[in-house]
Amino acid sequence: RPAKETPAAQLAYAAALEQSGRLRKAGRQYRALVHRWHDTPQAIKAQRAYAGILEDRGKLDAAFDEYQYLVDFYAGRFDYTDVLEHQFRIAHAVMNRRYGGLLFLPGFKSPGRALPLFKQIAENAPTWSRAPQVQFYIGVIQEDENEYAAAIDAYEELRQRWPRHELAAAAAYRGAGCLVEIADRSPRDERGCQRALEALAGFIRDYP
């Protein structure tokens, strides 16, 4: 429940808690403001602040969802690029984060956990300046998960939509590599082998 009687007073109170380092309590008070006065300008600021607190505390998946709440419920009423940048940073961190580390063991990466995050960003902002990078990471993760057909589609979409982007060549190369992997797994499939050869020849032709 809000500690104050108005959204302005509640926002100031939560901000003071945050500035004093009491992040958990500040987060609760920001959430209380959003729930009590959902359609006010202060609620938008509170929602953005709450997402930032979760990100600062390392609660990356939860922070991503709270940034998405801004996109879903407050469209056009906040700095969209700022939120996209934070979502991108979170997705990149999740992609490279290690899990299960013990003592001197570094743990293991699980980039597949970032796939739905990058897909959400692609849906949020298909024409954003970082959209080619988002699309590239979608392909990389799918390739890493051995989902070669899906990765090929992701790389090809990047090439078709942004043919002059600096990642287009890398997408073409990795897409061809996925076709090679598919061909190697089915050596009796002549059509698969032919597709891989054609992709490699096309890469040499398009990116000499």
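**View 1. Asp206 and Arg159 meet in a salt bridge.** In this predicted model, the two side chains come together at 3.4 Å, N to O. Asp206 belongs to helix α10 (residues 190-206) and Arg159 to helix α8 (residues 148-161), so the pair ties together parts that are 47 residues apart in sequence. Asp206 is partly exposed, with a relative accessible area of 35%, and Arg159 also counts as partly exposed, at 24%. Look around the pair for Glu156 and Arg205 too: salt bridges that share partners join Glu156, Arg159, Arg205 and Asp206 into one network.

**View 2. Arg48 pairs with Asp82 in a salt bridge.** Side chains of opposite charge can pair when their charged atoms come close. Here the N to O distance is 2.8 Å. The pair links distant parts of the chain, with Arg48 in helix α3 (residues 41-56) and Asp82 in helix α5 (residues 80-96), 34 residues apart. Arg48 counts as partly exposed at 25% relative accessibility, and Asp82 counts as partly exposed at 26%.

**View 3. Glu55 and Arg89 form a salt bridge.** Their side chains meet at 2.9 Å, N to O. Glu55 sits in helix α3 and Arg89 in helix α5, so to speak two distant parts of the chain, 34 residues apart, that the pair links. Glu55 is buried, with a relative accessible area of 12%. If you would like to go on exploring, the structure holds 10 salt bridges.

**View 4. Arg22, Arg24, Arg28, Arg57 and Lys59 form a positive surface patch.** One of these residues, Arg28, is a good place to pause. You can find Arg28 in helix α2 (residues 23-36). With a relative accessibility of 53%, Arg28 counts as exposed.

**View 5. Cys178 and Cys193 stay unbonded to each other.** A disulfide is a covalent bond between the sulfur atoms of two cysteines. A search of the whole structure turns up zero disulfides. For Cys178, the closest cysteine sulfur is that of Cys193, and at 15 Å it is too far for a bond, because a disulfide needs the sulfur atoms within 2.5 Å. Cys193 is likewise in no disulfide, its nearest cysteine sulfur being that of Cys178. As for their surroundings, Cys178 counts as buried at 1% relative accessibility, whereas Cys193 counts as partly exposed at 26%.

Note on methods. Residues numbered from 1 in each chain as written. Predicted model: local features only at pLDDT ≥ 70, side-chain atom pairs only at ≥ 80, totals over all residues. Heavy atoms only, no water. Patch = residues over 30% accessible without salt bridge, like charges linked within 9 Å, V, L, I, M, F, W, Y side chains within 5 Å. Areas by Shrake-Rupley, 256 points an atom, 1.4 Å probe, with all protein chains shown as cover. Salt bridge = Lys/Arg side-chain N within 4 Å of Asp/Glu carboxyl O. Lys, Arg positive; Asp, Glu negative; His and termini not counted. Charge placed at Lys NZ, Arg CZ, Asp CG, Glu CD. Helix = DSSP H or I, 4+ residues; strand = E, 2+ residues; numbered from the N terminus. Buried < 20%, exposed > 50% of the residue type's maximum accessible area, 1.4 Å probe, protein only.
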